[in-house]
Amino acid sequence: MMPSLTRSFARLTATAALGVLAIGGAALTTSTAQAAPAPAPASTSSSVYGTQSRADNAIAWFANRNGSTAYQGYCEKAVENAYGTTGIYASAIANWNDAVNRGAAHRGDLNPPRGALVFWNISSYGHVGIATGDGYFWATSVNGAIGKQKLPWFSNYLGWAQPNF
């Protein structure tokens, strides 16, 4: 009697498993027969409400902190934070020197594209900001706070490079 019960249970289990597979297969067939929705188009809008490019997000980060003194003395940290990271370079001059060594530096060019990092040699640590693509940039230490000015603004402008983070 025990082997008969075991066989019945095995038959019931197998039937149930086949039923689940059949139902799952039907569900799979139904769901895969539907067309997938078209992907949303990529947006580079500068609207704070829509999807933005990395450069737009970084520029918006600075614009939202206009007038803040929280990053005085920490320009490299500010640009890295604006791009969603931190601790990549010890200073702005280290970032610039890396761009030079990689062949990515545009020395003295006053026409950086939107989102490019702009560099100055104003101290042993250098200085860095983010270009807006229209001849202006955002940075710390603009009249003592985060602000926007026309390039070159500070003395000893070095040039620009795309962010390496």
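Here is a friendly exchange about why parts of this predicted model are described as they are.

Me: Let's start with charges. How many salt bridges does a search of the whole structure find?
Reply: The search finds two. One joins Asp56 and Arg114, and the other joins Arg102 and Asp98.

Me: Why is the meeting of Asp56 and Arg114 called a salt bridge?
Reply: The term asks for a side-chain nitrogen of Lys or Arg within 4 Å of a carboxyl oxygen of Asp or Glu. Here the side chains of Asp56 and Arg114 meet with N to O at 2.6 Å, so the pair fits the term. As background, side chains of opposite charge can pair when their charged atoms come close.

Me: Which parts does that pair tie together?
Reply: Asp56 belongs to helix H2 (residues 54-63), while Arg114 sits in the loop between strand S1 (106-107) and strand S2 (117-120), so the bridge links parts 58 residues apart in sequence.

Me: Is Asp56 buried or exposed?
Reply: Buried means under 20% relative accessible area. Asp56 has 6%, so the word is buried. Its partner Arg114 has 38%, and a value between 20% and 50% is called partly exposed.

Me: What about the other bridge: how far apart are the closest N and O atoms of Arg102 and Asp98?
Reply: They are 2.9 Å apart, and the cut-off is 4 Å, so this pair also counts as a salt bridge. Arg102 and Asp98 are four residues apart in helix H4 (residues 92-102), which puts about one helical turn between them. In general, an α-helix has 3.6 residues a turn, so residues three or four places apart point the same way. Arg102 is partly exposed at 38%, and Asp98 is partly exposed at 22%.

Me: What makes H2 a mostly covered helix?
Reply: Seven of the ten residues of H2 are buried. They are Ala55, Asp56, Ala58, Ile59, Ala60, Trp61 and Phe62. Among the elements that cover these buried residues are H3, strand S3 (127-131), S4 and strand S5 (145-150).

Me: How do you know that Thr140 counts as buried?
Reply: Thr140 has 1% relative accessibility, and the limit for the word is under 20%, so Thr140 is buried. This residue is found in strand S4. Leaving aside neighbours within four places in sequence, Thr140 is in contact with residues including Phe62, Tyr71, His127 and Phe154.

Me: Now the sheet. In what order do the six strands stand?
Reply: The order is S1-S6-S2-S3-S4-S5, in an open sheet with antiparallel pairing.

Me: Why are S1 and S5 said to stand at the edges?
Reply: S1 and S5 each have a single partner strand, so one side of each is left without a neighbour in the sheet.

Me: How do you know that S1 and strand S6 pair?
Reply: Two strands pair if there are at least two bridges between them. S1 and S6 (residues 157-161) have two bridges, in the antiparallel sense, so they meet the requirement. His106 stands opposite Trp160 in S6, and Arg107 stands opposite Gly159 in S6. S2 and S6 also pair in the antiparallel sense, over four bridges, and Trp120 stands opposite Tyr157 in S6.

Me: Why is S6 described as largely enclosed by the rest of the structure?
Reply: Five of the five residues of S6 are buried, so the description follows.

Me: What makes Ser141 and Asn156 worth a look?
Reply: Ser141 has a positive phi of about 65° although it is not a glycine. Asn156 likewise is not a glycine and has a positive phi of about 60°. Ser141 is found in strand S4, whereas Asn156 lies in the loop between S5 and S6. Ser141 is partly exposed at 28%, and Asn156 is partly exposed at 49%.

Me: Which peptide bond is cis?
Reply: The bond from Leu151 to Pro152 is cis, with omega near 5°. Pro152 is found in the loop between S5 and S6.

Me: Finally, how much space lies in the largest pocket?
Reply: About 260 Å³. Of the 19 residues lining the largest pocket, the closest to its centre are Gly73, Tyr74, Cys75, Glu76 and Tyr125. H3 gives the largest share of the lining, four residues.

How values were computed:
Residues are numbered from 1 along each chain as its sequence is written. This is a predicted model: local features need pLDDT of at least 70, side-chain atom pairs count only at pLDDT 80 or more; totals for chains, interfaces and linings use all residues. Side-chain values use heavy atoms; hydrogens and water are left out. On a 1 Å grid over the protein atoms alone, a cavity is a set of points where a 1.4 Å probe fits but cannot get out, and a pocket is an open set with protein on both sides within 12 Å along at least five of seven lines; lining residues have an atom within 4 Å of a point. Grid points are joined across faces, edges and corners, and a volume is the space filled by probe spheres set on the points. Buried means under 20% relative accessible area, exposed over 50%, partly exposed in between (1.4 Å probe, protein chains only). Contact means heavy atoms within 4.5 Å.
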